[in-house]
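Subject: Structure handover and notes

Dear colleague,

I am passing on the structure we spoke about, with the sequence alongside it. Please open it first, and then read the notes below next to it.

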Amino acid sequence: MSSVLRRSGQVANLSRNYLRITSRSHHRPRRIPIAPRCPCAPQSQRWYASVQPEDPQPPKTNKEAKNKAAKDNSKQDGENADERQPAAEPETGEHDAAKNSKSNMASLSPEEEEQLEKIVSKLNRGIPKGMRKVIDATIARMKREGIPAELKEAMGKVDAENMTMGDVAKISRLITKFGKQRTAELSKDIFYDNTRKDSQAEQKSGPHEVGPGSSGKQGMKEGSSDKKGKKEGSQGQPEFNFDLNTFLISGISAYMLYRLFMPTEMGREITWQEFRNTFLDKGLVEKIVIVNGTVAKVHLHQNLVAQVHPDSPAANPNFTYRITLGSVEAFERKMDEAQNSLGIPQSERIPIAYSSEGAWQNLALSFGPTLLFVGALLLISRRAASGAGGGQGGIFGMGRSRAKKFNHETDIKVKFSDVAGMDEAKVEIMEFVSFLKEPSRFQKLGAKIPRGAILSGPPGTGKTLLAKATAGESGVPFFSVSGSEFVEMFVGVGPSRVRDLFANARKTTPCIIFIDEIDAIGKSRSKQNFGGGNDERESTLNQILTEMDGFNTSEQVVVLAGTNRPDVLDKALMRPGRFDRHIAIDKPTLEGRKQIFGVHLRKIVTSENLPYLEGRLATLTPGFSGADIANCVNEAALVAARFGADSVAMTHFEQAIERVIVGMEKKSLVLSPEEKKTVAYHEAGHAICGWYFEWADPLLKVSIIPRGQGALGYAQYLPNGDSYLMNVNQLMDRMAMTLGGRVSEELHFDTVTSGASDDFKKVTLMANSMVTKWGMTQKVGHLYFEDDPSSQLHKPFSEETAKNIDSEVRRIVDEAYKQCRDLLTEKKREVGLVAEELLSKEMLVRDDMIRLLGERPFPDKGEWSKYFGSKGDREGSDMNTPKPSGPGKKDGGEIGDAPPAPGTVEPTLFKGQ
Ligand SMILES: Nc1ncnc2c1ncn2[C@@H]1O[C@H](COP(=O)(O)OP(=O)(O)OP(=O)(O)O)[C@@H](O)[C@H]1O
């Protein structure tokens, strides 16, 4: 009923707007007069709303609306006056119509359909498209099912071209009525419509399409609510996912908030006198509740209090006054006395009740934290105890071994052929393989098989790889664990993990256990911390020793361990019967590097001649470990990919090596022309020395492109193969060459720069070693003095020896300086030539030097001439020596990193430096 009233009000409203717009149309010629909106639209939005339909408006409002509509209608011309009635009419008819709708339906002829469409197109003008859809869906349904007879009759009477306001209102009402009866079907029609997307987009612009004034606002509201309805409709029934956690958290938070802002009980502490004077004497007390024998809660007659003290908080039903009691008896006595004195008869005395409220809460509050603390302690100690004792890992698996097990059939693909350049180590470890494969061969001769081996050597030399290959070759499972994984903060966990590891290993014999970085637990016990040492680590080590002792010879468990620091290991680990083999794996030799390059080059695409490539790259990379080589090859492939190459070429490898040695190019670092000139002359000084000193290493490349690791320029030399020994001549030439940068600066500029400090450091170290370690001076003699920082306070030599060392070091450096200065003074022109060429090209290679200076006056030796000789014996390779780059160009495309100090980088280190 009320909705009908409201709708009639809306119809009136719309009619008024319609009239106002059309009547003003001559004032606003550009605005197109719009037709009033169909009142079924606001109705339709409620059909799909997710919220409950609003309560019917109070009849007062509807009446007002009705009156207003009547008032508005009265303003209209006489033509509309006749039509006013139907707009307010369907107050009762709607329900009946719903009931009888089926029987009252009439089918449409094609002409009637056309007529209906015309009328609807009129109705649709000026309303959002979202709403039009509702109307269109209603009309579509009408065409299918027929229309109410009443509507058909009304349609027959109107002229679609010249509809009056009354016609519009009447037809709108009838369409609405029909639509309401078909709510569910309509929602389907509309919201499963494929054109939903379009409709949504247009609904956004809906408010702009509707007319001005109230209908515009209405349109906006309807648009949004229609959208909401649509969203829900497209999802069907809203999903309700029950998540216990969320439920609990929200519940607790809501309860806490509720308790925070809405305390269940408010109250105030009062004294006996206050109680008596304010409440008892005035007869306001209803009853008293004594809680836990300590507090008396005073309950008042709320209605009386509200009358006597309307502003008092006691008028609030949840408010209580409290009196703290000394003793319950005393309180009762006082109450009796007070009521006696007030003359209250026994039958009307104030009742006193007793309760023990909040006992649980109080208990939980007072003992809760303690219980929690004790619980946590118990938990931790249980974890530790189970870790230490059970060997089963305990409830949290603390004591369980963290070793990774690699299955020999599927996981271990590494074979000895993948491990290159360590033939001796392979021979030693091969014995373990034979033992694991055919134990009987050894056992029948009474031989005891070594329990384990320690593989020691610098990082990246292939210790883990060798251990894996051993497992791969012998076809047994492989347990890999790092020493640090035994170390935990809980006492007893380390030994427990060791036990667990060995227990697992015994279950899958034959197998190999590999403990990487064994120094984490196997450090010499005497070298451990002062003051008691580290018991946990010690007991872990002891457990390993015990487990290894416990093996019997038939248990085919081999323990391999890797370390970079064999010197710190406990002697007990190394004794026979435990790790009886000690296999040292050093950085690969030239031949080893070739083989390692061979292994890794197999995996990448290159069209280079492989033997030549391996040899050349191995020559270029003295001091590289296996891991460095693997990295270099991978880096070269990345460089090639960056340049979009089809295969990895020599230049890509050279860039990768350069990058590994001297870091990335620093493109962001731009030197001033003066600085660049200084760097060029500095590097030219080094290059000329390298060219003309017989024992210096041949120059490979000189560059003034700033690179990472603090180099503004660098000169790259290659030693003649792997040099393990150096004589005095070589040392002096090398020192003189190292000083070449500074000397060149002195000869070509008025002042010198800070760029040579790294050169001085190298020279000083070399000279110092010559004096104190290598016995190369007569004055100090054949003595060796350790540069142990701990002996700084107590020098192992006398004052006089110290003076002699100083003077000898100085003499050697001065000699090298003189040697260098003499050469560069003589070759001043050549230095200038090289420096200017460097300034224009930024990088020079050996061929450039030959072009500028002629052939080096000393013959090249060994591998060097094979791979880098100027004639270039390429053994079938079409590669030339590295091509000089054009000015400002660089082969690599790397970006720089740290700000450098000027100086040279000599990447090739010689032994002993
Ligand atoms: N001799 C080698 N032959 C082939 N590849 C090698 C060789 N040595 C090292 N590599 C490469 O270097 C990688 C790292 O080697 P690995 O992990 O075995 O070194 P590591 O000596 O155990 O190092 P760390 O001491 O740091 O543990 C290997 O995966 C492999 O690609």
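Two residues are said here to be in contact, or to touch, if their C-beta atoms, placed from the backbone, lie within 7 Å. In that sense Ser355 touches Val289 and Val291, leaving aside residues up to four places away in sequence. Please keep in mind throughout that this is a predicted model.

To stay with Ser355 for a moment, this residue is found in strand E7, which covers residues 352–355, and Ser355 is exposed, since 12 other C-beta atoms lie within 10 Å and a residue counts as exposed at 12 or fewer. Its C-alpha atom is separated by 6.2 Å from that of Ile290, although the two residues are 65 positions apart along the chain.

The chain as a whole

The secondary structure of the chain comes to 36 helices and 16 strands, and buried residues make up 37% of its 913 residues. Among contacts with a separation of 6 or more, 79% join residues that are 24 or more positions apart.

In soluble globular proteins, nonpolar side chains tend to be buried together. The largest nonpolar core in this model has 118 residues, of which Ile512 and Ile513 touch the most other members. Helix H30, residues 673–692, gives the most to this core, with 9 residues. Apart from this core lies another one of 12 residues, which includes Leu116, Ile119, Val120 and Ile135. As for Ile513, its contacts beyond four places in sequence are with Phe479, Leu501, Ala505, Val557 and Val559.

The surroundings of the ligand

Which residues come nearest to the ligand? Of the 19 residues around the ligand, they are Pro459, Gly462, Thr464, Gly626 and Ala627. The elements that give two or more residues to this shell are helix H21 (463–474), helix H26 (590–601) and helix H28 (626–642). By class, the shell is made up of 9 nonpolar, 8 polar and 2 charged residues. Because domain 3 (404–586) and domain 4 (591–659) both give residues to the shell, the ligand lies between them.

Helix H21 deserves a closer look, given its part in the shell around the ligand. Its 12 residues should span 16 Å at 1.5 Å a residue, and its end C-alpha atoms are 17 Å apart, which agrees. Because 11 of those 12 residues are buried, H21 is largely enclosed by the rest of the structure. The buried residues of H21 include Lys463, Lys468 and Glu473, together with Leu465, Leu466 and Ala467. The elements against which the buried residues of H21 pack are strand E8 (404–406), helix H19 (423–437), strand E9 (452–456), strand E10 (478–482), strand E11 (511–516) and strand E12 (557–563). Just after H21, Gly475 takes a positive phi of about 65 degrees.

On the side of helix H26, the residue I would point out is Gly592, which has its place in that helix. Gly592 is buried, with 22 other C-beta atoms within 10 Å, and it touches Ala420, Gly421 and Met422, not counting residues up to four places away in sequence. Gly592 and Gly626 are 34 residues apart in sequence, while their C-alpha atoms are 8.9 Å apart in space.

Helix H27, residues 610–620, is mostly covered, with 8 of its 11 residues buried. Among these buried residues are Glu614 and Arg616, as well as Leu613, Leu617 and Leu620.

Two backbone angles to check

Most residues other than glycine have a negative phi, and most peptide bonds are trans. Glu517, however, has a phi near 45 degrees, a positive value in a residue other than glycine. Glu517 lies in the loop between E11 and helix H23 (519–522), and it counts as partly exposed because it has 19 C-beta neighbours inside 10 Å, where 20 or more would make a residue buried.

Glu842 likewise has a positive phi, in this case near 70 degrees, and lies in the loop between helix H34 (828–841) and strand E16 (843–845). Is Glu842 buried or exposed? With 21 C-beta neighbours inside 10 Å, Glu842 counts as buried.

With best wishes

How values were computed: Residues are numbered from 1 along each chain as its sequence is written. This is a predicted model: local features need pLDDT of at least 70, side-chain atom pairs count only at pLDDT 80 or more; totals for chains, interfaces and linings use all residues. A residue is near a molecule or strand if its C-beta atom, placed from the backbone, lies within 6 Å of it. Helices (H or I, at least four residues) and strands (E, at least two) are DSSP runs, numbered from the N terminus. Ala, Val, Leu, Ile, Met, Phe, Trp, Tyr, Cys and Pro count as nonpolar, Asp, Glu, Lys and Arg as charged, and the others, Gly among them, as polar. Domain bounds come from an automatic or database domain assignment. A nonpolar core is a set of buried Ala, Val, Leu, Ile, Met, Phe, Trp, Tyr and Cys residues joined through C-beta atoms within 7 Å. The expected span of a helix is 1.5 Å times one less than its number of residues.
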